[in-house]
Every structure is written in C-alpha cells, then in structure tokens.
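Colleague: I am new to this structure and would like to go through it with you step by step. Could you put it up, please?

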Amino acid sequence: MMNIMHPALRRLDLNLLPVFEAVYRYRSVRLAAEELAMSTSALSHALSRLRAALNDPLFYREGHRMCPSVYATQLAPSIASALKFLDQELTPQPKFVASASTDCLQIAITDFTAQCVFPTLMPRLQQQAPGLRFELRYLPHSPALTELLAGEVDLALGFSALDEAEHPELDEICWLKDDYVAISSARRSRLTLTDYLAARHLVVTPWNESQGVLDVQLAKMGFSRHITIKTPSM
C-alpha cells in the first residue's frame with residue numbers, strides 16, 4: 001500500500017509547530033514558554049528538535065531577542081494559518097440555541113422559495129429567535145453543494161427531483177411540497193397533452209439551467225414543449 005503522507009511530515013513532531021509559532025510571534029523563548037505552559041529548558045529542547053528536523057537554525061539570538069532566519073520567515077505565515085485552521089476545526093462547536101443566538105445565517109434561495117417561506121417564517125422567528133439575522137443569496141447554479149460544503153452558506157432552499165441522490169455529507173429535509181398546474185384560456189373547453197405541448201411556454205430557470213424541471217420529466221417521457229421565453233425569475 002502506498003503511503004501518500006509527505007515525508008517531511010513523517011519525520012516531524014507536529015507538537016513542535018506551536019513552539020515555532022509562539023517563538024516567532026514573541027521573539028522570546030521565555031514569553032513563548034509562558035504561553036505554552038512549558039519551562040524555558042523544555043521549550044529550548046523542543047526548538048532544538050525542530051531545528052534538527054527542518055535542518056535550519058530557524059532563530060538567532062541577538063541580545064534578548066530571537067530573530068528568525070530567512071527560512072523561518074518564509075514558514076511563519078503558513079504555520080500560523082495551519083494552526084489557526086486546526087484549532088477552529090478541532091474546537092467543539094457550542095450548541096446552537098436559536099432563542100439566544102445573534103448569528104447571521106447565509107441562506108441560498110430563489111425568489112420563489114423566498115416568497116413561499118419567509119412571509120410565514122419571519123413572524124415566528126421574531127418571537128422565538130429575535131436575535132437571528134439572515135442574508136439571502138441568489139446563487140447562479142444549483143445545487144449549492146460547493147457553498148454548503150465550504151461553509152459559505154448555512155442553508156439552501158430549493159427543489160430537487162424525486163430521483164436525485166442525497167449528498168452523504170449534507171442533511172436534506174422536505175420542507176414543502178407543491179403541485180404544478182396548467183392555466184389555460186377560459187375560451188378553451190379542454191386542454192389535451194398535444195395542446196399543452198404545442199402552446200407557447202414561459203420557463204423559469206433560476207440557476208440558468210438548460211432545461212426546467214418539468215422539461216426534464218417531459219424528456220424522460222419522450223415529449224418536449226414549445227419554449228418561447230426563459231427567465232431566471234418572475
């Protein structure tokens with residue numbers, strides 16, 4: 001079995017990275033040791049191990065200051081960023097309490113889903129979660145998988161076909177079911193499928209899809225309709 005772990009990481013004790021970051025930030029072994037709750041001798045030993053692992057002196061003593069080498073200066077931003085990311089990811093997230101939260105939730109929507117949901121939802125939220133704020137975002141594509149997985153949006157309100165598979169890393173719930181209806185002129189006594197397909201249709205494609213949801217289903221049945229206008233919103 002191939003080991004894909006980078007060889008530099010295999011020989012490096014990752015516990016030494018906070019030592020590097022603290023010494024770089026404080027330019028002091030004593031202050032870094034105090035922050036990390038270590039003795040100065042233990043921190044000096046850790047720094048020696050890191051120097052050996054990276055084959056670089058990393059810091060030079062000039063008076064009472066520890067001055068970084070060129071290599072240490074190059075490494076510092078990446079190490080600080082990596083440690084910050086790991087700290088955020090590994091820190092347990094506090095339980096979400098809607099009534100006390102002042103978070104701003106990013107929600108991907110269409111104009112239809114906004115019209116269907118928010119007029120009813122907002123009065124209840126004002127009572128049960130008065131501190132919550134919302135930023136509604138129209139995305140140029142669907143589904144909003146990239147944004148959801150990256151944490152750029154917290155919730156996506158949209159629609160999906162019955163045969164669409166759920167993503168294993170996301171929770172999906174059915175929040176609304178609605179029917180498609182056909183509206184025809186009162187002068188028409190009946191509307192056959194042939195009449196419907198031949199009529200001129202306006203199609204709403206909020207994510208600039210090549211086909212509307214209904215057209216995908218019609219194609220599976222071997223039919224197509226006459227599309228006159230496509231628009232991203234009503």
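Colleague: How many aromatic pairs does the structure hold?

Modeller: Please keep in mind that this is a predicted model, and that ring centres have to lie within 6.5 Å for two rings to pair. On that basis, the number of aromatic pairs that the structure holds is three.

Colleague: Is the pair of Phe 20 and Tyr 24 stacked or tilted?

Modeller: Both residues belong to helix α2, where they are four residues apart, about one turn of the helix. Their ring centres are 6.2 Å apart and their planes stand at 15 degrees. Planes under 30 degrees apart count as stacked, so the pair of Phe 20 and Tyr 24 is stacked.

Colleague: Is Phe 20 buried or exposed?

Modeller: A residue counts as buried when its relative accessible area is under 20%. For Phe 20 the relative accessible area is 1%, and therefore Phe 20 is buried.

Colleague: Which residue of strand β1 forms an aromatic pair with Phe 20?

Modeller: This pair links distant parts of the chain, since its two members, one in helix α2 and the other in strand β1, are 39 residues apart. The rings are 5.5 Å from centre to centre with 50 degrees between the planes, an arrangement that is tilted. The partner is itself buried, with a relative accessible area of 3%, and its name is Phe 59.

Colleague: Which residue lies over the face of Tyr 24?

Modeller: Tyr 24 is joined through ring pairs to Phe 20 and Phe 59 in a cluster. Helix α2 is followed by a residue whose phi is positive, near 55 degrees, and this residue lies over the face of Tyr 24, at 4.4 Å from the ring centre. The residue is Arg 27.

Colleague: How many residues are in the largest nonpolar core?

Modeller: Phe 20, Val 23, Leu 43 and Phe 59 are the members that touch the most others. The elements that give two or more residues to this core are α2, α3, α4 and α5. Apart from it lies another core, of six residues, including Ile 107 and Val 117, whereas the number of residues in the largest nonpolar core is 22.

Colleague: Which residue of β2 is the bridge partner of Tyr 60?

Modeller: The strands β1 and β2 run antiparallel and are joined by four bridges. They form a hairpin with two residues between them, and Gly 63 in the turn has a positive phi of about 70 degrees. Across this hairpin, the bridge partner of Tyr 60 is Cys 67.

Technical notes
Residues numbered from 1 in each chain as written. Predicted model: local features only at pLDDT ≥ 70, side-chain atom pairs only at ≥ 80, totals over all residues. Heavy atoms only, no water. Core = buried A, V, L, I, M, F, W, Y, C linked by side-chain atoms within 4.5 Å. Buried < 20%, exposed > 50% of the residue type's maximum accessible area, 1.4 Å probe, protein only. Pairing = 2+ DSSP bridges. Phe/Tyr/Trp six-rings, centres within 6.5 Å; stacked < 30°, edge-to-face > 60°. Lys NZ or Arg CZ within 6 Å of the ring centre and 35° of its normal.
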